[in-house]
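Biologist: I'm new to this structure and would love a close look at just one part of it. Could you take me to a spot in the interior and then show me how the surroundings fit around it?

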Amino acid sequence: MSFRSAAGFCRNDREMTERKRFASVFDQCDVEKKGYLSREDVKVAVVMLFGYKPSKSETDIMMQAGAVPNCPGVPLERFVSLMGRKLSAEDPYEKTRHIFSAFDVHCRGFLKLEDFKSTFARVAPRLPDRTVLEAFRHVDHDSDGHISFKDFEDVITYGLVNH
């Protein structure tokens, strides 16, 4: 298998996985098995897939883009297409900012060790304190006990750049 066909295979495999995930969320949100998602269903689906509730204007745009004649909502194929485009248009900076905000529960604009411990206790309760401390020290480049968004972003994007 050539590199080009292998890359295409991986992309197609990833697209199939995304399609299955989108279809699964569609099925979960189409509680009444109508064959389409209502406005409220679409909002719930976006929360499930992207972790935020879309604004009224964003929901309006999705409903218009997903509209088909004689259907009061967004059918599966249109939903999968919409969510695929939405996923490919995600801004990595905004995603990183969102993650940083989840850690920064006190809205200080920087993270302290207590923020790390609190967040990891919720998402990975069995992670040893020592590991959390090591992770914090690794990210705290200047050892001042504070992690700026820039430091956090550097660590988050490190894997993306060097992958």
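Modeller: Let's start with Met 83, which touches Phe 22, Val 46, Leu 49, Phe 50 and Met 62, leaving aside residues up to four places away in sequence. Please keep in mind that this is a predicted model. Met 83 belongs to the largest nonpolar core, a group of 17 residues. Along with Leu 37, Val 42, Leu 49 and Phe 79, Met 83 is listed among the residues with the most contacts inside that core. Four elements each give two or more residues to this core: helix 1 (3–29), helix 2, helix 3 (56–65) and helix 4 (76–88). Of these, helix 2 supplies the largest share, with 5 residues. A separate core of 11 residues lies apart from this one, and Leu 111, Phe 120, Val 139 and Phe 152 are among its members.

Helix 2 deserves a longer visit. Its buried residues are Asp 41, Val 42, Lys 43, Ala 45, Val 46, Leu 49 and Phe 50. Helix 2 covers residues 39–50, and at 1.5 Å a residue its 12 residues should span 16 Å; the C-alpha atoms at its ends are 16 Å apart, so the two values agree. Right after helix 2 comes Gly 51, which has a positive phi, near 80°.

From helix 2 we can step across to helix 3, where Thr 59 is found. Is Thr 59 buried or exposed? Thr 59 has a relative accessible area of 0%, so it counts as buried. Not counting residues up to four places away in sequence, Thr 59 touches Arg 39, Lys 43 and Pro 54. Lys 43 is one of the buried residues of helix 2. Thr 59 and Lys 43 are 16 residues apart along the chain, and their C-alpha atoms are separated by 7.0 Å.

Phe 50, one of the residues that Met 83 touches, also leads us to the largest pocket. This pocket holds about 280 Å³ of space. It is lined by 11 residues, and those closest to its centre are Phe 50, Tyr 52, Glu 90, Glu 94 and Lys 95. Helix 5 (residues 92–103) gives the largest share of the lining, 4 residues. Sorted by class, the lining has 4 nonpolar, 2 polar and 5 charged residues.

Pro 92, in turn, takes us to another part of the chain. The C-alpha atoms of Pro 92 and Ile 156 are separated by 9.8 Å, although the two residues are 64 residues apart along the chain. Ile 156 sits in helix 8 (residues 149–161). With 33% relative accessibility, Ile 156 counts as partly exposed.

Finally, let's step back to the whole protein. There are 8 helices and 4 strands, and along the sequence they follow the pattern α-β-α-α-β-α-α-β-α-α-β-α. Of the 163 residues, 28% are buried. Among contacts with a separation of 6 or more, 45% join residues 24 or more positions apart.

Terms used
Residues numbered from 1 in each chain as written. Predicted model: local features only at pLDDT ≥ 70, side-chain atom pairs only at ≥ 80, totals over all residues. Heavy atoms only, no water. Buried < 20%, exposed > 50% of the residue type's maximum accessible area, 1.4 Å probe, protein only. Expected span 1.5 Å × (residues − 1). Core = buried A, V, L, I, M, F, W, Y, C linked by side-chain atoms within 4.5 Å. Contact = heavy atoms within 4.5 Å. 1 Å grid on protein atoms, 1.4 Å probe; cavity = no way out; pocket = protein on both sides within 12 Å on 5 of 7 lines; lining within 4 Å. Points joined across faces, edges and corners; volume = space filled by probe spheres on them. Nonpolar A, V, L, I, M, F, W, Y, C, P; charged D, E, K, R; others polar.
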